[in-house]
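Work through the exercises below with the model open. Try each task before reading its solution.

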Amino acid sequence: MSAQNPAGGPLLHGPADPEHDPRASYALEPGYTQNLTRRILSTTGTTAPVESPLNGQPVAHVPQSSEADVREAVARARRAQEAWARTSLAERSAALLRLHDLVLDRQDEICDVIGVESGKARKDAFLELAHVALTARYYARTAHAHLDSRRVPGMFPALTHVEVHHLPKGVVGIISPWNYPFTLALCDGLPALLAGNAVVIKPDAQTMLTALLGAELLEQAGFPPEIWQVVAGPGRDIGPPLIQGVDYVCFTGSTATGKLIAGQCADRLIGCSLELGGKNPILILRDAAVEKAAEGTARASFSNAGQLCVSTERLFVADQIYDRFVERFVARTKAMTLGATLDWSVDMGTLISADQLETVTAHVEDAVAKGARVLAGGRARPDLGPYFYEPTILEGVTPDMTCFGHETFGPVVALYRFHDEADAVARANAGQYGLNGSIYSQDGGRARQLARQIKCGTVNINEGFGSTFGSLAAPMGGMRESGMGRRQGSEGILRYTDTQSVATQRGVRIGPSFGLSQEQYAKALTVSLRVLNKLGRA
Ligand code: NAD
């Protein structure tokens, strides 16, 4: 690894730009970052600067792609895809398994780059690469189960032989956000490659290097470089030409952008999956183990400084244990450590940008101005870095406050008391989102029953989000305005395929034969339908 600040020490340098100030330095060695940025298809000669949110230190100047570059990237991907689709499933699965080991081998380097670009705590960076490893292994080991052609019953037993194939869509466009820049750049693309597609990815501008490191690892694992094209630039400029060229779009980001993208895909009649925002609830039932719930809830609310689609922003706590739970939850939250470092020493890193800090500050100020009480946090920490904000617990949040129903996407959680569970479920289900929910209870059976009433794509019991997120065989995604389609599981790979049914007719044709008239044929068909029904055939 050639990053300048290896894990173990805080970043020390100031924010001046080394292009203009010879005394200044980059957060990562320029040779290292240039080796990554050369992977971007860019002929514009223009670059966009990236700074580390840890301390404002420059990271790199990232080449920008034009609309023509995006079209060229799609064309290259399309050419490469034809050869790629002819490779065997065994070959593609083997590359995924090599990737699995590579990300574990190079974890220090990956965590450093994620840390420098996103400012997250190292434990959160590690979870990204663990998720990529889990995804690679799951799809490699289950490739045949998802993708093999299968026989299905035909119209007439023995006479109609039917096979169903899963053909790759062609070129998949991925538009990914900054919050989990390694896993969200890779995890949706891995099943696309396995199914025989090529990918053109547009990662978020703030976290290009992390996504490019992912591209380098794919090549090192044995994937042909041409089947993974990377373009860079503002989403509103290069998103449309990307969507114009590809055969399917996988988008992760905000609900507002997701709606725009769905519209553009609809115009072309191509499919898309949308992983969008949430306002995720946890229900803490009266029989919950208080300490366990307090620990899990703090993790669920403040992992990655709350900049996580599945993180918790609403806590509904049973009256009977409310005071005990709040005392433990507040104590745990206040004990959390924050800092600008690449090592393992802190619980929470920084928000990623001035925009994020502004949103979080505005949500908390609005709530406080309208009467909410701050039980922990509630303030920015410029002494630690430009965008730090303390993990914050609010009580007394009411519907007129912005943070009641709008996603904060930061380390802010609101506490609500409930008396009966039906009421808690109804309140948890209110609003337009439906991404992730959780229930804490010592009665697993009762919690599982209640889970079916929660309108969310994933529900975790006695855990915030990790159990579903890390269970790769389980589909993951949102209901309502939290998204369309699913990543993970069969749905996560079959979305990148077109189903083709091939039926071979033997003996009799599907129409009058043996000299039968249409009417006689209808009668004969009626008899055979009745017989098949009696035999219990589908
Ligand atoms: P965003 O929608 O602004 O940006 C996401 C990506 O879309 C970026 O790459 C951006 O450049 C691109 N983009 C922006 N405008 C575009 C346009 N008009 N056309 C094409 N692409 C465009 O979202 P964000 O603020 O960066 O990310 C935070 C949001 O993402 C939150 O709402 C969060 O809940 C959501 N998110 C969801 C999941 C999930 O799996 N459900 C995961 C992570 C983040």
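## Ligand site

The ligand sits in the largest pocket. Here a pocket is an open set of points on a 1 Å grid over the protein atoms alone, with protein on both sides within 12 Å along at least five of seven lines. A molecule sits in one if more than half of its atoms lie within 2 Å of its grid points. This is a predicted model: local features need pLDDT of at least 70, side-chain atom pairs count only at pLDDT 80 or more, and totals for chains, interfaces and linings use all residues. Residues are numbered from 1 along each chain as its sequence is written, and side-chain values use heavy atoms, with hydrogens and water left out.

**Exercise 1.** Find how many residues surround the ligand, and which are the closest.

*Solution.*
- Step 1: apply the cut-off, a residue heavy atom within 4 Å of the molecule.
- Step 2: count. The shell holds 27 residues.
- Step 3: list the closest, which are Ser176, Trp178, Ser254, Leu276 and Glu407.
- Step 4: map the shell onto elements. Helix α9 (235–245), strand β8 (248–252) and helix α10 (255–268) each give at least two residues. Helices (H or I, at least four residues) and strands (E, at least two) are DSSP runs, numbered from the N terminus.

**Exercise 2.** Find which ligand atoms pair with polar atoms of Gly235, Glu275 and Glu407.

*Solution.*
- Step 1: set the limit. A polar contact is a pair of N or O atoms within 3.5 Å; within protein, one must be able to donate a hydrogen and the other to accept it, and residues adjacent in sequence count only if both atoms are side-chain atoms.
- Step 2: take the ligand nitrogen atoms. One is 3.3 Å from a backbone N or O atom of Gly235. A ligand nitrogen also lies 3.5 Å from a polar backbone atom of Glu275.
- Step 3: take the oxygen. A polar side-chain atom of Glu407 is 2.6 Å from a ligand oxygen atom.
- Step 4: check the cover. On its own the ligand has 840 Å² of accessible area (Shrake-Rupley method, 1.4 Å probe). The protein covers 87% of that area.

## Cysteines

**Exercise 3.** Search the whole structure for disulfides: how many are there?

*Solution.*
- Step 1: use the criterion, a pair of cysteine sulfur atoms within 2.5 Å.
- Step 2: run the search. It finds 0 disulfides.
- Step 3: check Cys187. Its nearest cysteine sulfur, in Cys250, is 7.7 Å away.
- Step 4: check Cys403. Its nearest cysteine sulfur belongs to Cys456, 18 Å away.
- Step 5: read accessibility. Buried means under 20% relative accessible area, exposed over 50%, and partly exposed in between (1.4 Å probe, protein chains only). Cys187 is buried at 5%. Cys403 is buried at 3%.

## Loops and backbone

**Exercise 4.** Place Phe409 and Arg480, then state what sign of phi each has.

*Solution.*
- Step 1: recall the background. Most residues other than glycine have a negative phi.
- Step 2: take Phe409. Its phi is positive, near 60°. Phe409 is in the loop between α14 (402–405) and β14 (412–418). Phe409 is buried, at 14% relative accessibility.
- Step 3: take Arg480. Its phi is positive, about 50°. Arg480 is in the loop between α17 and β17. Arg480 is partly exposed, at 36%.

**Exercise 5.** Find what the side chain of Ser482 reaches.

*Solution.*
- Step 1: locate Ser482, in the loop between α17 (466–469) and β17 (483–484).
- Step 2: read its accessibility. Ser482 is buried at 0%.
- Step 3: find the partner. The Ser482 side chain reaches the backbone nitrogen of Leu435 at 3.3 Å.

Conventions
1 Å grid on protein atoms, 1.4 Å probe; cavity = no way out; pocket = protein on both sides within 12 Å on 5 of 7 lines; lining within 4 Å.
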